Amino acid sequence: MIEDRQRVSLKTLPDERGYYGEFGGRYVPETLFGPLLELEEAYGALRDDAAFQAELGALLREYVGRPTPLTEARRLSDACGGARIWLKREDLAHTGAHKINNALGQALIARAMGKTRLIAETGAGQHGVATATVAALLGMECVVYMGCDDMARQAPNVLRMRLLGADVHAVDAGSRTLKDAINEALRDWATNVRHSHYLLGSALGPHPYPMIVRDLQSVIGREARSQCLAQMGRLPDTLIACVGGGSNAIGLFHPFLDDDTVEMIGVEAGGEGIEGGRHAARFGDPQRGRLGVLHGVRTYVLQDDEGQIALTHSVSAGLDYASVGPEHAHLRALERARYTYATDEDALEAFQALCRHEGILPALESSHAVAEAMRLSTERPSDEILLVNLSGRGDKDLDTVTACIEGGAL
Ligand SMILES: *Cc1c(COP(=O)(O)O)cnc(C)c1O
């Protein structure tokens, strides 16, 4: 016994330099180094500050509507015929997805640091809406950078952000999408850091962002873990979550990391399939998904043969990004979590199944996780429990789904 080295919990990561194994870090120009250190220091103090945690907890309850329920998908499970499927209902959080957990927490951190202005980037507009929402709640200024092409594709979310009082900046550079919006947001932050906070939307970017976002989203897994014990009388066998940048997945997984019996599966966007390259499966495509640095962090990045960032595709805008959070890369390297993908078609089928069997319209992102749960259920015995993170609701995706139905994809 004495010789047994005590096992170090994965929960203690990242290390002091912001690494999860060989992934993570802080690959930024000098102008951003100071602001990142300032944020790391402020967060280090607030993390253990009782008054800060009490205020965050109260707003999560009284404004966001937490805890979100844990629902057994009885008819869907019956239809699949095997393992039971349960849903963690982030679709019922205010603004319809898990993104508000992170936006609210970071806005409170920013305010505690004396900042009065929030900067965000957004692709589909969901993170922009969450940030504009908390800016309104706390009486802060808000500027959101969004690619021109994304603004045209996501017009209702542009309207929402403006109604909430945000200043939405069109980004006309590069591919005129999320990647370019992030560059603009970083530039703004470097210039206006004295009174501005860059509110990053997923478990990505340079240290300390992946850690802060994970901590703030871990409320999902903490609630789910105690709800499982109360409602099922035990822990689930398997956790399943979709992985864009990775925030809803790491938020669910993290509180279960020391529970060795609990299997974890992340589901990437398989788009039109891996072969043709029209997907966002950073782990699922061994040819194009390689170790690299994008937006300040070392992780898996989809690249072409010359190392240029590859164009990605998914029916769900929230999963359509070329890189993935560093903690996921590490969990995969350790084989603590495994990663698979669902195609556009799989996701659309799962979307429809959840509508018909449970009366729940899931986000297309979340539908990727539902698709994997449906597939696994048929292979696993009926005394096993699969817990799916239903990261958001599908109202935002009605146009996309309707177009797919009309196009014959459903
Ligand atoms: C943005 C989004 C995602 C993907 O982001 P993660 O950081 O990977 O969680 C998933 N689901 C919904 C509903 C989203 O809005």
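**Figure 1. Polar contacts between Ser 247, Lys 99, Ser 391 and the ligand in the predicted model.** A side-chain N or O atom of Ser 247 is 2.7 Å from an oxygen atom of the ligand. Another ligand contact involves Lys 99, with a polar side-chain atom 2.5 Å from an oxygen atom of the ligand. For Ser 391, a polar side-chain atom and a nitrogen atom of the ligand are 2.7 Å apart. A polar contact is a pair of N or O atoms within 3.5 Å; within protein, one atom must be able to donate a hydrogen and the other to accept it, and residues adjacent in sequence count only if both atoms are side-chain atoms. The ligand taken alone exposes 390 Å², of which the protein buries 97% (Shrake-Rupley accessible areas with a 1.4 Å probe; for residues, only the protein chains shown count as cover). The structure is a predicted model, in which local features need pLDDT of at least 70 and side-chain atom pairs count only at pLDDT 80 or more, whereas totals for chains, interfaces and linings use all residues. Residues are numbered from 1 along each chain as its sequence is written, and side-chain values use heavy atoms, with hydrogens and water left out.

**Figure 2. The shell of residues around the ligand.** The ligand is surrounded by 17 residues (a heavy atom within 4 Å), and the closest are Lys 99, Ser 202, Gly 244, Ser 247 and Ser 391. By class, this shell holds 11 polar, 4 nonpolar and 2 charged residues. Here Ala, Val, Leu, Ile, Met, Phe, Trp, Tyr, Cys and Pro count as nonpolar, Asp, Glu, Lys and Arg as charged, and the others, Gly among them, as polar.

**Figure 3. The largest cavity and its lining.** The whole structure contains 1 cavity of 30 Å³ or more, and the volume of the largest cavity is about 40 Å³. On a 1 Å grid over the protein atoms alone, a cavity is a set of points where a 1.4 Å probe fits but cannot get out, a pocket is an open set with protein on both sides within 12 Å along at least five of seven lines, and lining residues have an atom within 4 Å of a point. Grid points are joined across faces, edges and corners, and a volume is the space filled by probe spheres set on the points. Thr 95, Ala 97, Lys 99, Gln 126, Val 129 and Ala 130 line the largest cavity. Helix H5 (residues 126-138) gives the largest share of this lining, 3 residues (helices are DSSP runs of H or I, at least four residues, and strands are runs of E, at least two, numbered from the N terminus).
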